[in-house]
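Reader: I am new to this structure and would like to understand how it is held together. Please start with the overall picture and then give me a close look at the salt bridges.

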Amino acid sequence: DRRPRQAPRSLSLFNGIPHPPHSLDTPGFARYILALAVYAAALVIFVVAAWRLCSQIVWYPENPVYRLLNFVKEYVLFWIAMALLAGWVVITDIFFRIPLRYLDAVAEQAGKLAAPSMDPVMLPEELAQLQGELERVRLRALQSAQEARDEEQRKNDMIVYLAHDLKTPLTSVIGYLTILRDEQELPAALRARYTGISLEKALRLEELISEFFEITRFSLTHLTLEPQPVNLTRMLEQTADESIPLLADRGLYWQLDLEPGVELVCDPEKLSRVFDNLIRNAVCYSYPDTAVRLEMHRADGEVVLQFCNRGRAIPPEKRERLFEPFFRLDAARSTATGGAGLGLAIAKEIVELHGGSIQVCGEGEEVCFVLRLPADR
């Protein structure tokens, strides 16, 4: 590739700082040489003019000014050299001190980026462009810090909720098992009922413990793909078939519209996790006795999948937040629809690792999750 390479974008923050003269190609160096030349020319003109002026005046030996001028005349080259040296020192100091002053101001304000505060970045007017870029960096850092605090708070709240929910079924299990142990003469029907309740609560405990592991895995691991060719149509048919009992518990049923013979290179295990999370989300938030619609077709080099269900409408301002870790649509967590709030966040990460995208849309009470995966991956 013989195209000229561009400078790294990270250097753009310093484009607004006047650079000290360091090469013949820089405008700063040209101005520096010009200032020296102007000063030298002005000094020569001054010396010549002063020489002619003094030559036209009649001087007397006893005149102190004459003695002083005569002393200067005897060492005129020395005094010219000293004047040139003094001018060079002053001009060089001016040309270097201004950039260094700017750099000091930038260094001082850059400290606000290490520990972002509410104080805005303030730089001299000459560095207005740089000030704007530093201010944008500061605001992004503040936003990132706030998002991290919000996510940590949601995570802590979720752990508190899960701990509370763990205690409830555990108390029931202990209570019913205590009765079964102490009451040896319980009727068979009542004993079977208490045993069934204990089993149900124990299964709920297993689900909640799995959610704890889900939180830990999401926080500590990084997802990687193991792609292979997959018949996506057959995979979706199998996934839908295996989830029929899950839907039947809520009186739900499938409506499938799958294009036959669609092949895709993907990680089937992780993509199956995406489908499972979307199905469970649809089951939790669908109205009873309604259809869950699954569509899949190819379009413009992509495989488009839609998981749609009828349920409570999602406000537009909350649609993007559905994919944030630990975010739940319900303000108060319910054990009936409870999850760690990680399913959709993990689904989004897996889909994006495949080079695709996921979004939620729909009108009224129809909610659709749309997945787009590259067909030629």
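Of the 377 residues of the protein, what percentage count as buried?

Author: This is a predicted model, in which local features need pLDDT of at least 70 and side-chain atom pairs count only at pLDDT 80 or more, while totals for chains, interfaces and linings use all residues. Residues are numbered from 1 along each chain as its sequence is written, and side-chain values use heavy atoms, with hydrogens and water left out.

To your question: 31% of the 377 residues count as buried, a word that stands for under 20% relative accessible area, whereas exposed stands for over 50% and partly exposed for what lies in between, with a 1.4 Å probe and protein chains only. The accessible surface of the protein comes to about 24,100 Å², and 59% of that belongs to carbon and sulfur atoms; such areas come from the Shrake-Rupley method with a 1.4 Å probe, and for residues only the protein chains shown count as cover. The protein has 10 helices and seven strands, which are DSSP runs (H or I with at least four residues for helices, E with at least two for strands) numbered from the N terminus. If one takes the contacts between residues at least 6 apart in sequence, 69% of them join residues at least 24 apart, contact meaning heavy atoms within 4.5 Å.

Now to the salt bridges, of which a search of the whole structure finds eight; each is a side-chain nitrogen of Lys or Arg within 4 Å of a carboxyl oxygen of Asp or Glu. One of them pairs Glu259 with Arg298, where the closest N and O atoms are 2.9 Å apart. Because Glu259 belongs to the loop between β2 (253–258) and β3 (263–266) while Arg298 belongs to strand β4 (residues 291–299), this pair ties together parts that are 39 residues apart in sequence. Both partners are partly exposed, Glu259 with a relative accessible area of 23% and Arg298 with one of 42%.

Another salt bridge stays within a single helix: Asp276 and Arg280 have their closest N and O atoms 3.1 Å apart, and both residues lie in α8 (residues 268–285), four residues apart, or about one turn of the helix. An α-helix has 3.6 residues a turn, so residues three or four places apart point the same way. Asp276 is partly exposed at 31% relative accessible area, and Arg280 is likewise partly exposed, at 44%. In that helix one also finds Asn277, which counts as buried at 14% relative accessibility and which, leaving aside its neighbours within four places in sequence, is in contact with Gly343, Ile346 and Ala347.

A further salt bridge joins Glu365 and Arg310, with 3.6 Å between the closest N and O atoms. Here Glu365 is in the loop between β6 (357–361) and β7 (366–374) and Arg310 is in strand β5 (residues 302–310), so the pair ties together parts that are 55 residues apart in sequence. Glu365 is partly exposed at 35% relative accessibility, and Arg310 is partly exposed at 40%. Finally, salt bridges that share partners join Arg293, Glu295 and Glu366 into one network.

For a contrast with these charged pairs, consider helix α6 (residues 232–242), where Leu232, Thr233, Met235, Leu236, Thr239 and Ala240 are buried. These residues cover an arc of only 165 degrees around the axis, so they sit on the same side of α6; the arc is that of the directions from the helix axis to the C-beta atoms. The exposed residues Arg234, Asp241 and Glu242 are carried by the face of α6 turned away from its buried side.

The surface also has a nonpolar patch of about 910 Å², made by Leu68, Phe71, Tyr75, Phe78, Trp79, Met82, Leu85, Trp88 and Val89. The elements that give two or more residues to this patch are α2 (64–74) and α3 (76–114), and α3 gives the most, with six residues. Patches are made of residues with over 30% relative accessible area and no salt bridge, like charges being joined within 9 Å and nonpolar side chains (Val, Leu, Ile, Met, Phe, Trp, Tyr) within 5 Å. Leu85, found in α3, counts as partly exposed at 44% relative accessibility.
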